[in-house]
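I am opening a new page for this structure and will note, entry by entry, what I looked up.

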Amino acid sequence: MSQSLAVLGGITAEQFLNEYWQKKPLLVRNAMPEIIGLLEPEDVQELALEEDVTARLIRQKNKNPNEWHVKSSPLTKGDFQKLPNLWTLLVQAVDHYSFDISELWKKFPFIPQWRRDDIMVSYAPKGGSVGKHFDFYDVFLVQGHGHRRWQLGQMCDESTQFIPDQPLKLLPEMDIQFDEVLAPGDLLYVPPGLSHYGVAEDDCLTFSFGFRMPNLSEMIDQVSDKFAENTLLKNPLADIARQQTAHLGEINEVEFSYLKTQLLDYLTKAPEFDAAIMAYMSESSYPNNIPEPEEVEASDLSEIIGTGYELILEPASRLLYRMQNGSFDFWANGENVCISKPFAAQLKRIADGENIALDESFNDDAVLEDIAMLLNNAVVMLLPPQE
Ligand code: SIN
Ligand code: CO
């Protein structure tokens, strides 16, 4: 952890997490040269037209660039005809479509996978932008092609006012504190709440490595959905040791705190609670990107053992685990995953982002059954032998 990282401009992960993460921006020149050339502008346009891709086309009126228009996917070829001068195409989760792009997450080994959301790419011609705004999440903005001028301003929060009647949450003004042009490979970390404004200087691709955190409202929804499945909870509670009362309209403090304690006590020990949180955290934000693999059987796998195949995490899937009483509890794409004990240590390594060679150590019927099940559910995938 104390090693200095090129992606952070030579500071350590520890220093970055203490001084910058969720607090202040960081600009690193030539932080990620590997990103250059992974996508070209034409690739982004082609990808945006594909089925199931989540994309948005943002346009500013020629006559009045303060008038914005947003079209969400499905996008069609017609959407790209007669474009105004200023536009931006945003394509979400490009890491789900390209191994080379999903590998780039490894540049941030100090943030666990459950915090990752997706890598979005934006394509804009000179002058294109998505306006002055802020996001509620951490983002590393990495220039992939062309140049983008980034301005950073004041911190914002829930009370920040937006320009009315626009399809985007745009800020009326920014108090500029930072003004730099990013070239291919340069990186800018923007913490949650910090206002930012990126304008393309030429034909430009910017990759946004976005991180997610759950909100309490969604967590409560998930937990209550899980509780709804438990019919025992529909039984009325027993009454408290009842005392006579003259105040028939009152729920007295003892009664009220009895009801509240019953609820809170159950919540703290309910097995549904942990399951709901793990299911939620392991859900993909883009489940349509999870491919439908060809069915394999354990016997197919035993034939390729030792021939150079590797097991890796399917880029569109989420695989997380918890250590509980000394054993692993795996969750993938919102579901609990039961696997045989001998495979747990290997699956942990896959969830941590490692490629695992399908070697003789996997020559066990139960383990091969597990692997076949994970392949058939597109949680992991097989990487053929490299030439
Ligand atoms: C962009 O790439 O134009 C927008 C990315 C962002 O502001 O988060
Ligand atoms: Co933003």
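Where is the place of Pro74? I was working on a predicted model, and I found Pro74 in the loop between strand 3 (68-72) and strand 4 (86-91). The peptide bond that joins Ser73 and Pro74 is cis, with omega at about 5°.

Staying with that loop, I looked up Lys82, which is found between strand 3 and strand 4 as well, and noted that its phi is near 55°, a positive value in a residue other than glycine. Lys82 counts as exposed because its relative accessibility is 83%, and the cut-off for that word is over 50%. Asn30 also has a positive phi, near 50°, without being a glycine; I placed Asn30 in the loop between strand 1 (26-28) and helix 2 (41-48).

For the overall frame, I recorded nine helices and 17 strands in the chain. The chain has 387 residues, of which 44% count as buried, and its C-alpha atoms fill a box of roughly 75 × 70 × 50 Å along the principal axes.

Next I turned to the metal. Which protein donors does the cobalt ion (ligand 2) have? I listed His133 through NE2, Asp135 through OD and His196 through NE2, lying 2.1 Å from the ion. Along the chain these donors follow the spacing H-x1-D-x60-H. The two histidines link distant parts of the chain, since I find His133 in the loop between strand 5 (116-124) and strand 6 (139-145) and His196 in strand 10 (residues 194-200), 63 residues apart. Both His133 and His196 are buried.

I then went through the surroundings of ligand 1, where the residues include the cobalt donors His133, Asp135 and His196, and also Met120, Leu141, Trp150 and Thr206 among others. Looking at polar side-chain atoms, I noted that Ser122 has an N or O atom 2.7 Å from an oxygen atom of ligand 1, that His133 has a polar atom 3.0 Å from an oxygen atom of this ligand, and that for Arg148 the corresponding distance to a ligand oxygen is 3.4 Å. The protein covers 97% of the 260 Å² of accessible area that ligand 1 has on its own.

My last entry concerns the surface, where Leu237, Ile251, Phe256 and Leu259 make a nonpolar patch of about 400 Å². Leu259 belongs to helix 5 (residues 253-269), and I entered Leu259 as partly exposed because its relative accessibility is 43%, a value that falls between the cut-offs of 20% and 50%.

Definitions and conventions. Residues numbered from 1 in each chain as written. Chains lettered and ligands numbered in written order. Predicted model: local features only at pLDDT ≥ 70, side-chain atom pairs only at ≥ 80, totals over all residues. Heavy atoms only, no water. Patch = residues over 30% accessible without salt bridge, like charges linked within 9 Å, V, L, I, M, F, W, Y side chains within 5 Å. Areas by Shrake-Rupley, 256 points an atom, 1.4 Å probe, with all protein chains shown as cover. Salt bridge = Lys/Arg side-chain N within 4 Å of Asp/Glu carboxyl O. Helix = DSSP H or I, 4+ residues; strand = E, 2+ residues; numbered from the N terminus. Buried < 20%, exposed > 50% of the residue type's maximum accessible area, 1.4 Å probe, protein only. Donors = N, O, S within 2.8 Å, 3.2 Å for Na, K, Ca; no water. Near = heavy atom within 4 Å. Polar contact = N/O pair within 3.5 Å; in protein donor to acceptor, adjacent residues only side chain to side chain.
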